[in-house]
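Subject: Structure handover

Hello,

Here is the structure for you to look over. My notes on it follow below.

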Amino acid sequence: MSARLPHRIVFANEKGGTGKSTTAVHIAIALAYRGARVAAIDLDPRQRTMARYLENRVETAARRQIALPHAACRVYEGDIEGLEALVAEVGSGADYVVFDTPGRDDPLARHAATEADTLVTPMNDSFVDFDLIGQVEGETFKVKRLSFYAELIWEARLKRSRATIEQQRRQMDWVVVRNRTGHVEARNMARIEQALTELSKRVGFRVAQGLSERVIYRELFPSGLTLLDKGQLGELGTSHLVARQELRELVKSLALPEFIPPQPRLELA
């Protein structure tokens with residue numbers, strides 16, 4: 001991949017509290033463990049969650065005097081032209097550029113989403129979150145219309161289709177990731193799954209199972225460690241091992257393009 005443009009993975013959702021930044025960091029580190037060269041751009045200068053997470057990781061590596069796979073992160077606030085200049089800078093020699101966007105409507109977030117090669121939209125399993133991409137009828141839970149966000153991505157994908165050959169870029173792959181499903185009532189989950197399946201056929205996104213609601217994700221933030229850093233986490237319980245398997249399955253579900261790693265892959269299991 002190094003001879004081509006880096007693959008843009010954009011985590012975007014115009015709503016907070018979906019585990020977007022946590023998922024973005026874990027995917028970035030999972031790719032780094034595979035030997036990929038990963039750059040990261042945090043487009044939320046107020047929260048800086050991804051940037052802070054990765055800064056904590058650098059500090060932990062220095063304090064413990066250990067080597068940890070990493071993704072260099074830059075925080076950006078400016079215009080679209082400046083963002084593209086930054087992408088060109090940090091993406092030089094990178095296999096992937098991972099973007100974390102704010103949980104609100106934002107011009108840079110919109111631009112990043114429409115330019116994504118892989119767009120990841122995490123959502124909680126609730127119709128409050130589902131409303132971001134589509135509205136359902138109150139009695140039957142049938143999808144009655146697309147949301148503004150879904151229409152925006154639909155139009156961006158159509159535009160990308162027309163420009164794919166000219167720009168030698170991939171088609172956009174849109175993946176809706178169902179996060180924080182641990183405490184959702186079964187009937188509600190079934191209704192959401194039905195609505196997502198219906199809407200995915202209309203809009204063209206894929207659905208992937210994401211990360212369950214677990215305390216460990218909040219506990220890992222201060223150290224910058226991830227579930228993949230098994231040598232640094234001490235003894236893990238069954239719940240943590242299940243969480244690691246969820247992460248492995250999510251990475252597989254994203255079906256990201258392969259590359260030739262410049263160094264041996266590290267163990268993910």
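At what angle do helix 1 and helix 9 pack? The angle is about 80°, and the axes are 11 Å apart. Helix 1 covers residues 20-33 and helix 9 residues 238-254. The two are therefore roughly perpendicular (65 to 115 degrees). Axes are lines fitted to C-alpha atoms, for helices over the stretch in contact, and angles run from 0 to 180 degrees between N-to-C directions. Helix 1 brings Thr23, His26, Ile27 and Ala30 to the contact (heavy atoms within 4.5 Å). Helix 9 brings Leu247, Leu250, Val251 and Leu254. Six of these residues are nonpolar, two polar and none charged.

Ground rules: this is a predicted model, where local features need pLDDT of at least 70, side-chain atom pairs count only at pLDDT 80 or more, and totals for chains, interfaces and linings use all residues. Residues are numbered from 1 along each chain as its sequence is written, and side-chain values use heavy atoms, with hydrogens and water left out. Helices (H or I, at least four residues) and strands (E, at least two) are DSSP runs, numbered from the N terminus.

Now the sheet. Seven strands form an open sheet in the order 3-2-4-1-5-8-9, with parallel pairing (at least two DSSP bridges between two strands). Strand 3 (72-75) and strand 9 (206-209) are the edges; each pairs on one side only. Neighbouring strands are turned by 25° against each other on average, direction ignored. Five bridges join strand 2 (residues 38-42) to strand 4 (residues 96-100). Helix 3 (residues 80-91) packs on the sheet and touches strand 1 (7-11), strand 2, strand 3 and strand 4. Its direction makes about 155° with that of strand 2. Helix 7 (residues 186-203) lies across strand 5 (118-124), strand 8 (173-179) and strand 9, at about 175° to strand 8.

Last, charges. The whole structure holds 12 salt bridges (a side-chain nitrogen of Lys or Arg within 4 Å of a carboxyl oxygen of Asp or Glu). One of them joins Arg37 and Asp95 at 3.1 Å, N to O. Arg37 lies in the loop between helix 1 and strand 2, and Asp95 in the loop between helix 3 and strand 4, so the pair ties together parts 58 residues apart in sequence. Asp95 is buried (under 20% relative accessible area, 1.4 Å probe, protein chains only) at 0%. Arg37 is partly exposed (between that and exposed, which is over 50%) at 31%. Arg104 pairs with Asp44, the closest N and O atoms being 3.6 Å apart.

Best regards

Methods. Angles under 35 degrees count as roughly parallel, over 145 as roughly antiparallel, 65 to 115 as roughly perpendicular and the rest as oblique. Ala, Val, Leu, Ile, Met, Phe, Trp, Tyr, Cys and Pro count as nonpolar, Asp, Glu, Lys and Arg as charged, and the others, Gly among them, as polar.
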